[in-house]
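Biologist: I'd like to learn how to read the features of a model like this one. Could you take me through it?

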Amino acid sequence: MNPGLIIFSVILSIVILVFLTVKVKLHPFFALTAAAFSFGILTGQSIPDIITAFSDGLGGTIAGIGVVIAIGTVMGTLLEKSGAAETMANSILKITGPKHAALGLAVTGYFVSIPVFCDSAFVILSPLARSLSRDTNVSMTTMALSLAMGLHATHMLVPPTPGPLAVAGILKADLGLVMLLGMVVSIPVTLIGYYLSAYFGKKYYYLPETAEEPSNDNSKKLPGTLQAFLPILLPILLMFLNTISSLESAPFGQNSLIAQFFAATGQPVSALLIGLIFAFLTYRSIYPEDKLVWTFDGAFGESLKTAGQIVLIVGAGGAFA
């Protein structure tokens, strides 16, 4: 197939995607679907082949990340409703100050994404980004882009994430040197991402909606700092220990009980489930009278309605890819 035609088709399908999303305001799932089918038709693929490729891409993407998004969305709602996200935001603001909250989020993403997959880390940290945006009146665009760039910089450049680890293996490069240089190069990438996020945040200013009306009552009960951070830090720690455990040097031993424990608890799904349990316990400590939180009409059900749309959008993106 002519490479020029492929490049033209990619560019045109992306233009169609942006037009349908920004101008027509079409739901992103259907905009991505239209872009994917447009690319398939432009490159001469048959409709049955396009449908097969689209279905395979959609299913494969959802299988890989769908459960993580669902669990993470519920956990984020619990952290937000319990006030844990507010406690975390206040803790970070004490260190960075309101003016540099987005930079603090980018730095957090920079370090977290070295041991943890950036997609899982983004799901875990997104409630914190929303809370910081509301508390500082800094655009959610700035917060989201700062977090994403911090996460992606080290995820793409620093082993032991799979991409750079595979490249180091193919090139037979010194793994320690690759890690060191990757971390150095990731610093300007993160900073550039932060400054661009500040620029686009002013251009596309947006503050997330609050689940309830803001209150000036300083007597409002909030979780403690450890209680607030534990549902986020524990999954990150478990995934980090699983990454360390699976290294060729096997620091915890080959097939030892410790290694098997970290392999079981350090998968994104199991780690997030553990985090969800602690987020639920935090919520119950603040609202023990809420007997509907885990029901279809409670926080769990409302969160999964949102998660369903996110999963479909991400799946359609995988299908387009």
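**Reading the pocket, the patch and the pairs**

Modeller: Happy to. Keep in mind that this is a predicted model. Let's begin with the helices around the largest pocket: α3 (47–82), α6 (118–136), α7 (140–157) and α13 (299–320) each supply at least two residues of its lining.

Biologist: What is the volume of the largest pocket, and which residues are closest to its centre?

Modeller: The volume comes to about 1,200 Å³. The lining has 31 residues, and T73, S126, R130, T306 and I310 are the closest to the centre.

Biologist: How do the residues of the lining divide into nonpolar, polar and charged?

Modeller: You sort each lining residue by its type. In this pocket there are 15 nonpolar, nine polar and seven charged residues.

Biologist: On to the surface. Which residues make the nonpolar patch?

Modeller: For a patch, you look for nonpolar side chains that have over 30% relative accessible area and lie within 5 Å of one another. Here L5, I7, F8, I11, L12, V15 and L42 make a patch of about 590 Å². Helix α1, residues 3–23, gives the most to this patch, with six residues.

Biologist: Let me pick I11 from that patch. Is I11 buried or exposed?

Modeller: The cut-off for exposed is over 50% relative accessible area. I11, which is found in helix α1, has 51%, so it counts as exposed.

Biologist: And which residue could show me the buried case?

Modeller: Try I232, in helix α10 (residues 225–245). Buried means under 20%, and I232 has a relative accessible area of 2%, so it is buried. I232 also shows how sequence and space can be read side by side: I232 and L125 are 107 residues apart in sequence, while their C-alpha atoms are 7.4 Å apart in space.

Biologist: How many salt bridges does the count come to, and which side chains meet?

Modeller: You look for a side-chain nitrogen of Lys or Arg within 4 Å of a carboxyl oxygen of Asp or Glu. By that rule the count is one salt bridge. The side chains of K305 and E302 meet there, at 3.2 Å from N to O.

Biologist: Where do K305 and E302 lie?

Modeller: Both are in helix α13, three residues apart, which is about one turn of the helix. Helix α13 is also one of those that supply residues of the pocket lining.

Biologist: Why does K305 count as partly exposed, and why does E302?

Modeller: Partly exposed is the range between the buried and exposed cut-offs. K305 falls there because its relative accessibility is 45%, and E302 because its value is 40%.

Definitions and conventions
Residues numbered from 1 in each chain as written. Predicted model: local features only at pLDDT ≥ 70, side-chain atom pairs only at ≥ 80, totals over all residues. Heavy atoms only, no water. 1 Å grid on protein atoms, 1.4 Å probe; cavity = no way out; pocket = protein on both sides within 12 Å on 5 of 7 lines; lining within 4 Å. Points joined across faces, edges and corners; volume = space filled by probe spheres on them. Helix = DSSP H or I, 4+ residues; strand = E, 2+ residues; numbered from the N terminus. Nonpolar A, V, L, I, M, F, W, Y, C, P; charged D, E, K, R; others polar. Patch = residues over 30% accessible without salt bridge, like charges linked within 9 Å, V, L, I, M, F, W, Y side chains within 5 Å. Areas by Shrake-Rupley, 256 points an atom, 1.4 Å probe, with all protein chains shown as cover. Buried < 20%, exposed > 50% of the residue type's maximum accessible area, 1.4 Å probe, protein only.
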